[in-house]
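Trainee: I would like to go through this structure slowly and ask, at each step, what a label rests on.
Mentor: Then let us look at it together and set each value against its rule.

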Amino acid sequence: MLNEDKPADDFSAVLQRLRKIYHSSIKPLEQSYKYNELRQHEITDGEITSKPMVLFLGPWSVGKSTMINYLLGLENTRYQLYTGAEPTTSEFTVLMHGPKLKTIEGIVMAADSARSFSPLEKFGQNFLEKLIGMEVPHKLLERVTFVDTPGIIENRKQQERGYPFNDVCQWFIDRADLIFVVFDPTKLDVGLELEMLFRQLKGRESQIRIILNKADNLATQMLMRVYGALFWSLAPLINVTEPPRVYVSSFWPYDYKPDTHRDLFLREEISLLEDLNQVIENRLENKIAFIRQHAIRVRIHALLVDRYLQTYKEKMTFFSDGELVFKDIVEDPDKFYIFKTILAKTNVSKFDLPHREAYKDFFGINPISSFKLLSQQCSYMGGCFLDKIERAITQELPSLLGSLGLGKNPGALNCDKTGCGETPKNRYKKP
């Protein structure tokens, strides 16, 4: 199904509505309270309208580039990703759809505001030299974007790469819809760089898929032992109740070796492709859910800054030293019930609250006096920022999500209310 020659669905109307909600209801509060300085995640129009992104991570020479060549049929062409037994991929390679085979320099990708990669410019020119885009006329890339990453080399320090490798990985992780972490049965050692990578993947466990590649190189008994060793190595790094899905196969164009579990490997490959197809099918749902999650975080951040500011104004007297007063509040916010007040007064989950330490750095850069109270963020014509983001979270975005199940052509929907007055259908309800 991934390579079917069928026209892409027109989702432009839904994406346009999503852009409008973001710019009118979420971004004003985001900019007013400088949320980007807390999370280093600025949402652009290119990101809202971008295709789903599939990210390939893992140690060097585990078969990431070979797997992409296989999925796109690039083997034995002049545009195949270079592969080999030694560490070969030293760049972040973004594979996109285009009318003909074409290579795009990272500097050009960052300069093009229509693409979703312009924020990468903040990582410096050294990184942009390590960023390459490839346009390939393949049907699968009309609906998804692949990102190949440099392999993790445990004895290499981040400074030796010449750019902030972990920060760049975090940027792609934050935007990925599916993350394939690929392993070789002969390279299961877990070092500091891989540990750091899995710390960056915290909170994204539902998007992670573990791939035990080159599985036909091992006999059945040895493969079972390696499978167990892989889980034993990763158990301290993935601290969740339900482990991520693991695919065991050999993802390359060659036939499986004789006397191996050929049927198992084939079923695993089909299962992985179905997983990839599901991400493509749920593209809009995931995008709306992502914007709503972002809105919830912006709202919580605004409520916290507002509470810090209220407390500061309450504690200030004519003879007080403003700097010392606020330093006392930031050092021990629990003494002033900053976080507890937010939990008590609003529908905020304690699991969504940012770490207290983050606000020491945040207010170190942004003085408390540079912010206004939420009650002052209102106008006669525009209304209040907080009310608008509340309405987006509780009404507008759920309404847009519900409207997707009302017809085969979501692009035809332009009603602000769910289903244009009809009762929304549950797409997942069994008949």
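Mentor: We begin with a rule for the surface: a residue is called buried under 20% relative accessible area, exposed over 50%, and partly exposed in between. Please also keep in mind that this is a predicted model.

Trainee: Why is Glu331 called partly exposed?
Mentor: Glu331 has a relative accessible area of 47%, and because the buried class ends under 20% and the exposed class begins over 50%, Glu331 counts as partly exposed.

Trainee: What makes the pair of Glu331 and Lys360 a salt bridge?
Mentor: The rule asks for a side-chain nitrogen of Lys or Arg within 4 Å of a carboxyl oxygen of Asp or Glu; the side chains of Glu331 and Lys360 meet at 3.5 Å, N to O, and the pair therefore falls within the 4 Å limit. Glu331 lies in helix H13 (residues 322–331) and Lys360 in helix H15 (residues 356–365), so this pair ties together parts that are 29 residues apart in sequence. Lys360 is partly exposed, with a relative accessible area of 26%. Salt bridges that share partners also join Glu331, Glu357 and Lys360 into one network.

Trainee: How many salt bridges does the structure hold?
Mentor: The structure holds 13 salt bridges, and one of them is formed by Arg19 with Asp45, whose closest N and O atoms are 2.9 Å apart. This pair links distant parts of the chain, with Arg19 in helix H1 (residues 12–32) and Asp45 in helix H3 (residues 45–49), 26 residues apart. Arg19 counts as partly exposed at 22% relative accessibility, and Asp45 counts as partly exposed at 30%.

Trainee: Which residue forms a salt bridge with Asp184, and what distance supports the label?
Mentor: Asp184 pairs with Lys214, and their closest N and O atoms are 3.2 Å apart, a value that satisfies the rule because the limit is 4 Å. Asp184 lies in the loop between strand S6 (178–183) and H9, and Lys214 in the loop between S7 and H10, so the pair ties together parts that are 30 residues apart in sequence.

Trainee: Is Asp184 buried or exposed?
Mentor: Asp184 has 6% relative accessibility and counts as buried, because buried means under 20%.

Trainee: What is notable about the backbone of Lys214?
Mentor: Phi of Lys214 is near 55°, a positive value in a residue other than glycine. Ser61 likewise has phi near 55°, and Ser61 is found in the loop between strand S1 (53–57) and helix H4 (64–72). At 16% relative accessibility, Ser61 counts as buried.

Trainee: How do you know that Cys378 and Cys384 form a disulfide?
Mentor: Their sulfur atoms are 2.0 Å apart, and since a disulfide is a pair of cysteine sulfur atoms within 2.5 Å, Cys378 and Cys384 meet the rule. By this rule the count comes to one disulfide. With 110° about the S-S bond, the link is right-handed. Cys378 is partly exposed, with a relative accessible area of 36%, and Cys384 counts as partly exposed at 23%.

Trainee: Why is Gln200 called buried?
Mentor: Gln200, in helix H9 (residues 192–200), has a relative accessible area of 10%, and the label follows because buried means under 20%. Not counting residues up to four places away in sequence, Gln200 touches Asn166, Asp167, Cys169, Gln170 and Ile173. Of these neighbours, Cys169 counts as buried at 2% relative accessibility.

Trainee: What makes the approach of Gln200 to Asn166 a polar contact?
Mentor: A polar atom of the Gln200 side chain lies 2.5 Å from the backbone oxygen of Asn166, and the pair fits the distance part of the rule because that limit is 3.5 Å.

Trainee: Over which residues does pLDDT stay under 50?
Mentor: It stays under 50 over residues 407–431, whereas the protein chain averages a pLDDT of 83, and 87% of the residues score at least 70.

Note on methods
Residues are numbered from 1 along each chain as its sequence is written. This is a predicted model: local features need pLDDT of at least 70, side-chain atom pairs count only at pLDDT 80 or more; totals for chains, interfaces and linings use all residues. Side-chain values use heavy atoms; hydrogens and water are left out. Helices (H or I, at least four residues) and strands (E, at least two) are DSSP runs, numbered from the N terminus. Buried means under 20% relative accessible area, exposed over 50%, partly exposed in between (1.4 Å probe, protein chains only). A polar contact is a pair of N or O atoms within 3.5 Å; within protein, one must be able to donate a hydrogen and the other to accept it, and residues adjacent in sequence count only if both atoms are side-chain atoms. Contact means heavy atoms within 4.5 Å. pLDDT is the predictor's confidence in each residue, from 0 to 100.
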